[in-house]
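Colleague: I am new to reading protein structures. Could we go through this one together, one question at a time?

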Amino acid sequence: MSADQQTTTPAAVPQPDSVEHAAATPDIVQPYDQLGLTDDEYQRIRDILGRRPTSGELAMYSVMWSEHCSYKSSKRYLRQFGDTTAEQRERMLVGIGENAGVIDIGEGWAVTFKVESHNHPSFVEPFQGAATGVGGIVRDIIAMGARPVAVMDQLRFGDVEHPDTRRVVDGVVRGISTYANSLGLPNIGGETVFDATYQTNPLVNALALGVLRHDDLHLASARGAGNKVVLFGARTGGDGIGGASILASDTFTEGGPTKRPAVQVGDPFAEKLLIEMCMELFRDGLVEGIQDLGAAGISCATSELAANGDGGMRIELDDVLLRDPTLTAEEILMSESQERMMAIVRPDRLDAFLAVADRWNVEASVIGEVTDGDRLVISWRGQTIVDVPPRTVAVDGPVYDRPVRRPEWLDGLQADTANGLERDDSGEGLGDALLAIVASPDEADKSLITDQYDYYVLGNTAFSFPEDAGMIRVDEASGLGVALATDANGRYAQLDPRAGAQLALAEAYRNVAVTGAVPAAVTDCLNFGSPENPEVMWQFAEATAGLAAGCRELGIPVTGGNVSFYNQTGVTPIHPTPVVGVLGIIDDVARRVPSGWQDEGHNLYLLGTTYDELDGSAWAAVVHDHLGGVPPTVDMAQERQLAGILASLAREGLVTSAHDLSEGGLGLALAEGVLRFGVGARVWLDEILERDEIDATAALFSESTGRVLVSVAREDQVRFEGMLAARDYPCLRIGVTDSTAGLDVQGLFSISVEALRATSRGTLPRYFD
């Protein structure tokens with residue numbers, strides 16, 4: 001007998017924990033608590049199976065019942081997103097529960113989009129954590145039958161001056177740019193925020209957008225007994241054991257382990273091959289369905305496909321192609337190695353499927369088949385190591401009604417309003433305050449980051465940074481396109497999580513509307529602390545209720561998203577940060593409206609009413625380092641009316657630019673309008689002060705909602721004012737564009753374009769260049 005033969009004899013290989021062995025050894029102590037399962041959850045698994053679980057079954061249940069995969073603390077709140085009106089459902093082809101939501105945009109076209117978090121991995125290994133976050137969300141888009149066409153990112157880092165922030169910023173931005181650029185996908189927008197609350201818990205939320213014809217839509221399920229289960233893409237390795245499912249379901253502790261082995265390693269060039277291969281498979285009808293292998297890996301893909309299908313599934317783990325032959329069965333099941341997908345293929349189409357895989361140089365292996373019955377059975381080395389009802393793994397996991405408690409500290413925080421902060425209404429004081437806001441890390445020019453991204457690859461980008469929303473042309477013949485914006489304000493949500501979620505929704509909705517697009521759908525990424533903290537669960541309950549109610553008022557659905565809990569170190573959670581993405585439809589991207597004016601002699605108008613609302617504002621944060629009070633009031637009916645007006649203005653060509661007012665108020669909007677194309681403006685505040693009964697500080701820096709700054713060519717002034725009067729929406733002419741003026745707020749201060757630009761562009765290079 002050869003040495004090779006000796007190493008493969010049964011005596012030389014540890015025997016797997018089989019179902020038969022589990023039934024015969026009920027009292028073996030299993031490390032379920034180390035895998036994140038509670039005593040009650042472990043007992044529930046035993047009750048489901050009628051015995052102790054095998055180690056393979058324990059691995060599957062542990063990752064699939066983790067907070068990240070099962071939504072066990074949030075599911076009861078997320079159900080309210082499914083309570084939709086007929087209006088909300090009008091364009092929705094696929095909603096919550098699939099890999100990504102799908103919206104009908106007309107002309108036979110549909111789009112699919114979704115945002116997800118990769119927060120904890122991005123602190124442990126910023127480059128790979130962010131890169132694989134992009135890869136994972138792109139695969140969700142592929143699985144729906146769509147071609148990915150764009151990505152966005154929503155980034156929140158710690159204090160800009162903290163010594164560790166540079167490490168995280170550098171790795172995350174390089175990870176996103178390297179992966180997306182290598183895939184050939186434009187990055188068309190997002191956010192970058194710095195705040196000490198995110199110091200050890202950066203938020204890296206990635207969004208992907210895909211396009212498809214209605215007939216190309218595919219759902220992931222395992223149907224048809226005898227159909228083959230094919231695993232294709234990268235080989236399964238030891239990177240990502242437990243991955244996001246474990247990292248995202250626990251808090252970081254001071255001085256705790258780095259958990260580096262749980263961070264996946266990505267290969268964007270392998271993913272590019274997957275994209276092209278999947279497009280060919282769908283085009284030629286070679287698959288019944290495809291499932292991404294993301295969080296929980298093979299455990300997730302097999303159990304979800306079987307649970308969504310009409311039968312069971314039999315899997316042979318020995319047929320899984322491995323990068324590391326020493327992996328145990330449990331590690332193979334839990335590995336979240338990237339760039340892998342699972343397909344259900346009819347036997348008569350298997351050869352054609354494998355031929356496509358070979359043509360794209362993608363490895364593929366048949367690892368099982370769909371069966372009659374209702375069991376997921378997995379074998380390894382000749383023994384059955386998993387025999388479970390798949391719904392109990394993927395669907396019917398624990399659902400918790402966690403205790404909720406309004407924080408005792410909240411009353412004191414809300415009572416500490418900005419009303420008592422010193423206001424310097426002198427011209428010098430107001431000019432200095434505006435320059436301070438323009439220079440602040442959150443509001444300063446982000447080109448140091450965004451210039452690392454490719455905006456225009458594929459040739460269909462209509463808008464990208466620094467516009468209020470990104471925009472992609474879907475149909476080259478008609479010009480049909482979609483706009484996307486994402487927003488969140490953790491400071492607002494800390495003051496009032498219900499209002500904070502609605503303000504994020506309203507801002508993203510408004511950012512889409514100012515481009516001329518009609519808002520149509522929502523995706524969200526809800527970033528919160530530990531669900532075991534009743535105060536955090538109260539914040540989450542308030543935020544989701546506010547978001548659901550806001551969407552009903554606006555008439556647009558939540559089509560899917562992500563919940564990210566355990567964003568805290570020790571007992572200190574981050575500010576609640578519900579990121580909201582809004583997608584809008586524009587019938588012709590040629591009619592898009594930019595955020596800044598390009599020509600002089602155009603009139604500037606402020607739409608909406610300004611109130612003295614400075615609590616939680618950029619002015620309070622930057623000028624006074626203050627957080628307290630209550631956020632601005634948001635009126636969804638008003639936002640909806642404003643969006644309709646903006647769509648009409650764009651369609652009639654009556655505005656040459658439109659920019660929403662949010663963080664930094666009118667002052668920052670004016671500065672950004674000037675900086676967009678380098679054309680100045682002369683502005684007066686007298687009529688705002690008189691009509692709205694506010695002072696100059698509020699006029700410039702209040703963050704009241706429902707407001708937009710627009711520019712109008714002189715020849716369109718009468719028609720524009722007539723339309724606003726007919727719609728009975730507040731409107732004031734407050735200035736005129738002037739290439740010689742810089743930003744001249746008459747009677748108060750004047751700042752040159754060069755000074756504004758130097759102030760805005762100087763901040764991030766000072767810390768990260």
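**From single residues to sheets and helices**

Colleague: Let's start small: at 2% relative accessibility, is Glu339 buried or exposed?

Modeller: We use fixed cut-offs here: buried means under 20% relative accessible area, exposed means over 50%, and partly exposed lies in between, with a 1.4 Å probe and protein chains only. Glu339 comes out at 2%. Glu339 therefore counts as buried.

Colleague: Before we go on, what kind of model is this?

Modeller: Residues are numbered from 1 along each chain as its sequence is written, and side-chain values use heavy atoms, leaving out hydrogens and water. Local features need pLDDT of at least 70 and side-chain atom pairs count only at pLDDT 80 or more, while totals for chains, interfaces and linings use all residues, since this is a predicted model.

Colleague: Back to Glu339, then: what is the value of its phi?

Modeller: Glu339 sits in the loop between α14 (329-334) and β10 (340-345). Those labels come from DSSP runs numbered from the N terminus: helices are H or I with at least four residues, and strands are E with at least two. Phi of Glu339 is positive although Glu339 is not a glycine, and its value is near 60 degrees.

Colleague: Asn361 has a positive phi too; is Asn361 buried or exposed?

Modeller: Asn361 is found in the loop between α15 (350-359) and β11 (364-371). Its phi is about 60 degrees, again in a residue that is not a glycine. With 66% relative accessibility, Asn361 counts as exposed.

Colleague: Which residue does a cis peptide bond join to Phe465?

Modeller: Look in the loop between β14 (461-463) and β15 (470-473), where Pro466 has its place. The cis bond has an omega of about 0 degrees. Its partner for Phe465 is Pro466.

Colleague: How far apart in space are Asp454 and Pro186?

Modeller: Asp454 lies in the loop between α19 (447-450) and β14, and at 31% relative accessibility Asp454 counts as partly exposed. Contact means heavy atoms within 4.5 Å, and beyond its neighbours within four places in sequence, Asp454 is in contact with Asn181, Leu185, Pro186 and Asn187. Asp454 and Pro186 are 268 residues apart in sequence, yet their C-alpha to C-alpha distance is 5.3 Å.

Colleague: Now the sheets: which strands stand at the edges of the six-stranded one?

Modeller: Strands of a sheet pair through backbone hydrogen bonds, either parallel or antiparallel; here, two strands count as paired if DSSP finds at least two bridges between them. This open sheet of six strands has mixed pairing and the order β1-β2-β3-β6-β4-β5. Two strands each have a single partner strand, so one side of each is left without a neighbour in the sheet: β1 (92-94) and β5 (187-194).

Colleague: Which residue in β2 stands opposite Val94?

Modeller: β1 and strand β2 (residues 101-106) run antiparallel and are joined by two bridges. In β2, the residue opposite Val94 is Val102.

Colleague: And in the seven-stranded sheet, which residue in β12 is the bridge partner of Glu316?

Modeller: That open sheet has the order β8-β10-β7-β11-β9-β12-β13, with mixed pairing. Its edge strands, β8 (289-292) and β13 (383-388), each pair on one side only. Further in, four bridges join the parallel strands β9 (residues 312-316) and β12 (residues 376-380). The partner of Glu316 is Ser379.

Colleague: Which word describes how α3 and α4 lie to each other?

Modeller: Axes are lines fitted to C-alpha atoms, for helices over the stretch in contact, and angles run from 0 to 180 degrees between N-to-C directions. Helix α3 (residues 39-49) and helix α4 (residues 55-64) pack at about 125 degrees, with axes 11 Å apart. Angles under 35 degrees count as roughly parallel, over 145 as roughly antiparallel, 65 to 115 as roughly perpendicular and the rest as oblique. α3 and α4 are therefore oblique.

Colleague: Finally, what is the angle between α4 and α13?

Modeller: Met60, Val63 and Met64 in α4 meet Ser299, Cys300, Thr302, Ser303 and Glu304 in α13. The axes of α4 and helix α13 (residues 297-307) are 9 Å apart, and the two pack at an angle of about 85 degrees. That makes α4 roughly perpendicular to α13, the angle being about 85 degrees.
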